[in-house]
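Morning, everyone. Please have the sequence and the model open while I talk. I'll point to residues as we go.

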Amino acid sequence: MAPRTTLPQSSAWGDPHLAPLAVTRPVGTVTRGTTNPNRLRRMDRWTAAVHGPALRRSVAPPVAVDLGYGAAPWTAVELLERLRTADPRTLVVGVEIEPARVAAAQPYEREGLTFRHGGFEVPVPGEVSLIRAANVLRQYDEEQVAAVWQRLCARLTPEGLLVEGTCDEIGRRHVWVALDRSGPRTVTFATRLGSLDRPSDLAERLPKALIHRNVPGEPVHAFLRDFDRAWAAAAPFASLGARQRWIRAVRDLAVDWPLTDGPRRWRQGEVTVRWEALAPRG
């Protein structure tokens, strides 16, 4: 467990929504900290588009938390920029359990962006509009996920969103779960289409709640199997480009699976399905 530390205050904490709390022992364990610029661009793009209306409905400036941003602050900086395209009032707090990473991020603070030492307790006053936890739970046991989800969702506003998932090192492939205060709602698969051989390539990026369930008899395995079949059947559309092949495959997939999005998101190399259709059995 990381030791306690006291970090210098920043002008970014002039906003009452970002006021520092008393230092307590963070909840969680230190991650590897691997990060890269633009690694989370697909997740950010989806979040700004889908959650943007809720951010704009917030009476107070919406607060977003980049939980476990890693050894460098790129993802928090980028999250502020991308969410402000949806609502210019958005404030972002980067939270890291490793004190040295928080200290290293201090020079990147700016209006609306600050960094804080903490973990799953989310050391931000009040409720928050968004928590993003990318590549954080991979090191935890599957049995621990539900408790972490519950703890984080309890910190959300009534319209708040928790986005928790995994991506590869350069952001080509993502899978994430979106949750609100009532629990998991959807699962989104997103990819750079030019790098995709078949949809089941995304299986290696399933979030912790699903990655060990990609076996026969589990819904997520059946979903990826059907997606591969639809992709194969859409092969004639490959001459029109990978995007057209993806759209056709997703249209076929929608016959049997409860998708929540449409062609506007599919064109981005995304597809979102209801959580209950993929939820683990037992």
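**A walk through the chain**

Let's begin with one residue. Cys 167 is buried, with a relative accessible area of 1%. One reminder before I go on: this is a predicted model.

Now, does a cysteine like that have a partner? How many disulfides does a search of the whole structure find? Zero. Why is Cys 153 not in a bond with Cys 167? The sulfur of Cys 153 is 20 Å from the closest cysteine sulfur, the one in Cys 167, and that is too far for a bond. A disulfide needs the two sulfur atoms within 2.5 Å. Seen from the other end, Cys 167 has Cys 153 as its nearest cysteine sulfur, 20 Å away, and Cys 167 is in no disulfide. Is Cys 153 buried or exposed? Cys 153 counts as buried, at 5% relative accessibility.

Next, the overall picture. The secondary structure of the chain comes to nine helices and eight strands. The chain has 282 residues, and 55% of them count as buried. Along the principal axes, the C-alpha atoms fill a box of roughly 60 × 40 × 30 Å. What radius of gyration does the chain have? The value is 19 Å. A compact globule with 282 residues would have a radius near 19 Å, so the chain agrees with that.

What about contacts along the sequence? Take the contacts in the chain with a separation of 6 or more. Residues 24 or more positions apart account for 69% of those. And the surface? The chain exposes about 12,100 Å². Carbon and sulfur atoms supply 51% of that.

On to the strands. Look at β4, residues 128-134. How many of its seven residues are buried? Seven of the seven, so to speak: β4 is mostly covered. Strand β4 has two pairings to show you. With β1, residues 63-67, the pairing is parallel, over three bridges. Find Ala 64 there: Ala 64 stands opposite Leu 130 in β4. With β5, residues 156-167, the pairing is parallel too, over six bridges. Here the residues to find are Ala 134 and Gly 165: Ala 134 stands opposite Gly 165 in β5.

Step past the end of β4 and you reach Asn 135. Asn 135 sits in the loop between β4 and α4, where α4 covers 142-153. Its phi is positive, about 60 degrees, although Asn 135 is not a glycine. Asn 38 also has a positive phi, near 65 degrees, and is a residue other than glycine. Where is Asn 38 placed? Asn 38 is in the segment before α1, which spans 41-57. Asn 38 counts as partly exposed, at 34% relative accessibility.

Now a second pair of strands. Strand β7 covers residues 183-191, and β7 pairs with β8 over five bridges. In which sense do they pair? The antiparallel sense. One bridge to find: Phe 189 has Val 271 in β8 as its bridge partner. Strand β8 itself covers residues 270-274. Four of its five residues are buried, so β8 is largely enclosed by the rest of the structure.

Stay with β7 a moment, and find Thr 188 in that strand. Thr 188 is buried, with a relative accessible area of 0%. Which side chain does the side chain of Thr 188 make a polar contact with? That of Thr 272, at 2.7 Å. What else does Thr 188 touch? Leave aside its neighbours within four places in sequence. Then Thr 188 is in contact with Trp 46, His 174, Val 175, Trp 176, Val 271 and Thr 272. Try picking those out on your screen.

Last stop: a loop residue. His 212 lies in the loop between α5, 208-211, and α6, 219-233. His 212 is partly exposed, with a relative accessible area of 47%. Which side chain joins that of His 212 in a polar contact of 3.4 Å? The side chain of Lys 208. Now compare a position further along the chain. Glu 276 is 64 residues from His 212 along the chain, and their C-alpha atoms are separated by 17 Å.

To recap, briefly. Zero disulfides are found. Strand β4 pairs in the parallel sense with β1 and with β5. Strands β7 and β8 pair in the antiparallel sense. Thanks for listening.

Conventions:
Residues are numbered from 1 along each chain as its sequence is written. This is a predicted model: local features need pLDDT of at least 70, side-chain atom pairs count only at pLDDT 80 or more; totals for chains, interfaces and linings use all residues. Side-chain values use heavy atoms; hydrogens and water are left out. Buried means under 20% relative accessible area, exposed over 50%, partly exposed in between (1.4 Å probe, protein chains only). Two strands pair if DSSP finds at least two bridges between them. The radius of gyration is taken over C-alpha atoms; the globule rule is 2.2 Å times the number of residues to the power 0.38. Contact means heavy atoms within 4.5 Å. Accessible areas come from the Shrake-Rupley method with a 1.4 Å probe; for residues, only the protein chains shown count as cover. A polar contact is a pair of N or O atoms within 3.5 Å; within protein, one must be able to donate a hydrogen and the other to accept it, and residues adjacent in sequence count only if both atoms are side-chain atoms.
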